[in-house]
Amino acid sequence: MPTIYVTRKIPDLGLAMLREKGLTLDVSTKDGVLTKEEMLGALSAKPYDGVLCLLTDMINGETFDAVPSAKIFANYAVGFNNIDVAEAKKRGITITNTPGALTNTVAEHAMALILSATARIAEGDRLMRSGTWGGWGPMQLLGSDLNGKTLGVLGAGRIGSRLAYHCQKGFDMNVIYYDVKRNEVFEKETGAQFFASVEEVLRQADVVSIHVPLLDSTKHLINAERLKMMKPTAYLINTSRGPVVDEAALVEVLKSHTIAGAGLDVYENEPKTAPGLTECENAVLTPHIASASVPTRDGMAKLAAENLIAFFDGKTPPNIVQ
Ligand code: NAD
């Protein structure tokens, strides 16, 4: 029966499904991301038939060389920018991901970041904990409302369109969006208006939320020049991937109040943050936890397992990315 290397412990649900199907699992016992050397060492230890990997694992030609017997890498994430998919394709290696399982949870997290930033929740929490709050004040921690404001979605795929649904139906916001392709179902559902450029969305939106995949074409999609196109009262929300935003440029506009604030779940060089970011009171920061609910992480484990099981049953896995 096939033997799979699992690069880090994931919820038991997925591992149990694989074991029930008779697959043998070697699960890394390290409570952390394997270093490159650890990964190459672990993979070359046995002729594994497949690998279950995470978004924090860099998978490329060197990795494939370490374990030439492995014909499938099942990523425990919807994003797959951590994998050299072109190289995998050249070698006939199947790559799978976990789309859909986390859509609601990530959209809800983006909503939480929007509310935290605009209602200044994190700042209020810090004030309470500091022991220096002097009581209610008419000018204290004034934020902004969402009702009637405009949400600008960059990338109206699964997560972006779900967030827009919450904002439109729950908060009566107008929705505008930019995507490389139009999404007419989304337009009908939320009344969203399509713009043919990122710039136009940045100029008009009160809240800009990013939901594009990380590709060569989306690296620094939001750069210094584009940040300056945003309204001074606008907020930038990023739950996609850190490198989509030039984080150092974002720190500058937050410090100078060129924009009102930001809500971030992802960072350019995780787990580090750009110098000065954590001092920006107008930034709400979460540690890449947008998909971190118990049911969603179980759902991702189930999907990753289903992809592996289908592959070793000789079927086409449901979520192939190439
Ligand atoms: P999706 O594929 O359904 O949607 C992505 C959308 O972006 C698509 O509509 C696509 O056409 C559009 N797009 C691609 N290139 C673009 C470009 N250059 N400009 C504008 N639009 C472009 O993906 P999804 O399931 O909604 O996930 C989106 C991303 O969110 C993932 O790729 C992943 O990186 C990220 N993500 C982050 C977390 C987290 O924990 N923070 C969790 C899940 C997903």
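Helices, in the sense used here, are DSSP runs of H or I spanning at least four residues, and they are numbered from the N terminus. In the predicted model, Gly-22 takes a positive phi of about 90° just after helix α1. Helix α1 itself comprises residues 12–20, and its buried residues are Gly-14, Leu-15, Met-17 and Leu-18. These residues lie on the same side of α1, because the arc that they cover around the axis is only 155°. The cover over the buried residues of α1 includes the strands β1 (3–6), β2 (24–27) and β3 (50–53), together with helix α12 (294–312). On the face of α1 that is turned away from this buried side, the exposed residues Asp-12 and Glu-20 are found.

Side chains of opposite charge can pair when their charged atoms come close. A search of the whole structure for such pairs returned 18 salt bridges. One of these is formed by Lys-46 and Asp-26, for which the closest N and O atoms are 2.8 Å apart. This pair links distant parts of the chain, since Lys-46 belongs to the loop between α2 (36–43) and β3 whereas Asp-26 belongs to strand β2, the two being 20 residues apart. Lys-46 has a relative accessibility of 38% and therefore counts as partly exposed.

A salt bridge within a helix is provided by Arg-203 and Glu-200, with a separation of 3.3 Å between the closest N and O atoms. The two residues are three positions apart in helix α9 (residues 198–204), which means that about one helical turn separates them. Both ends of this pair are assigned to the intermediate class of accessibility: Arg-203 is partly exposed at 41%, and Glu-200 is likewise partly exposed at 29%.

The side chains of Asp-206 and Lys-231 also meet in a salt bridge, at 2.9 Å from N to O. Here again distant parts of the chain are linked, as Asp-206 is located in the loop between α9 and β9 (207–210) and Lys-231 in the loop between α10 (224–227) and β10 (235–238), 25 residues apart. With a relative accessibility of 12%, Asp-206 counts as buried, whereas Lys-231, with a relative accessible area of 26%, is partly exposed. Elsewhere, salt bridges join Asp-65, Glu-87, Lys-90 and Arg-91 into a network.

The surroundings of the ligand consist of 27 residues, of which Arg-158, Ile-159, Asp-179, Thr-239 and Asp-265 come nearest. Among the polar contacts to oxygen atoms of the ligand, a polar side-chain atom of Asp-179 is found at 2.6 Å, a polar backbone atom of Ile-159 at 2.9 Å, and a polar side-chain atom of His-288 at 3.3 Å. The ligand on its own has 870 Å² of accessible area, and the protein covers 89% of this area.

Thr-239, one of the residues that come nearest to the ligand, is placed in the loop between β10 and α11 (247–255). Its relative accessibility of 8% falls under the 20% limit, so Thr-239 counts as buried. When residues up to four places away in sequence are not counted, the residues touched by Thr-239 are Val-106, His-109, Ala-110, Leu-113, Ile-210, His-211, Asp-265, Val-266 and Ala-290. Asp-265, which appears in this list, is also one of the residues that come nearest to the ligand.

Met-111 is part of helix α5 (residues 103–118) and, at 7% relative accessibility, counts as buried. Leaving aside neighbours within four places in sequence, Met-111 is in contact with Leu-146, Leu-163, His-166, Cys-167 and Phe-171. Between Met-111 and Ala-77, which are 34 residues apart in sequence, the C-alpha to C-alpha distance is 20 Å.

Asn-183 occupies the loop between β7 (174–178) and α8 (184–190), where a relative accessibility of 22% classes Asn-183 as partly exposed. The side chain of Asn-183 reaches the backbone nitrogen of Val-185 at 3.4 Å. Residues up to four places away in sequence being excluded, Asn-183 touches Ala-156 and Tyr-177. The C-alpha atoms of Asn-183 and Gly-157 are 8.0 Å apart in space, although the two residues are 26 residues apart in sequence.

Conventions: Residues are numbered from 1 along each chain as its sequence is written. This is a predicted model: local features need pLDDT of at least 70, side-chain atom pairs count only at pLDDT 80 or more; totals for chains, interfaces and linings use all residues. Side-chain values use heavy atoms; hydrogens and water are left out. Buried means under 20% relative accessible area, exposed over 50%, partly exposed in between (1.4 Å probe, protein chains only). The arc is that of the directions from the helix axis to the C-beta atoms. Contact means heavy atoms within 4.5 Å. A salt bridge is a side-chain nitrogen of Lys or Arg within 4 Å of a carboxyl oxygen of Asp or Glu. A residue is near a molecule or strand if one of its heavy atoms lies within 4 Å of it. A polar contact is a pair of N or O atoms within 3.5 Å; within protein, one must be able to donate a hydrogen and the other to accept it, and residues adjacent in sequence count only if both atoms are side-chain atoms. Accessible areas come from the Shrake-Rupley method with a 1.4 Å probe; for residues, only the protein chains shown count as cover.
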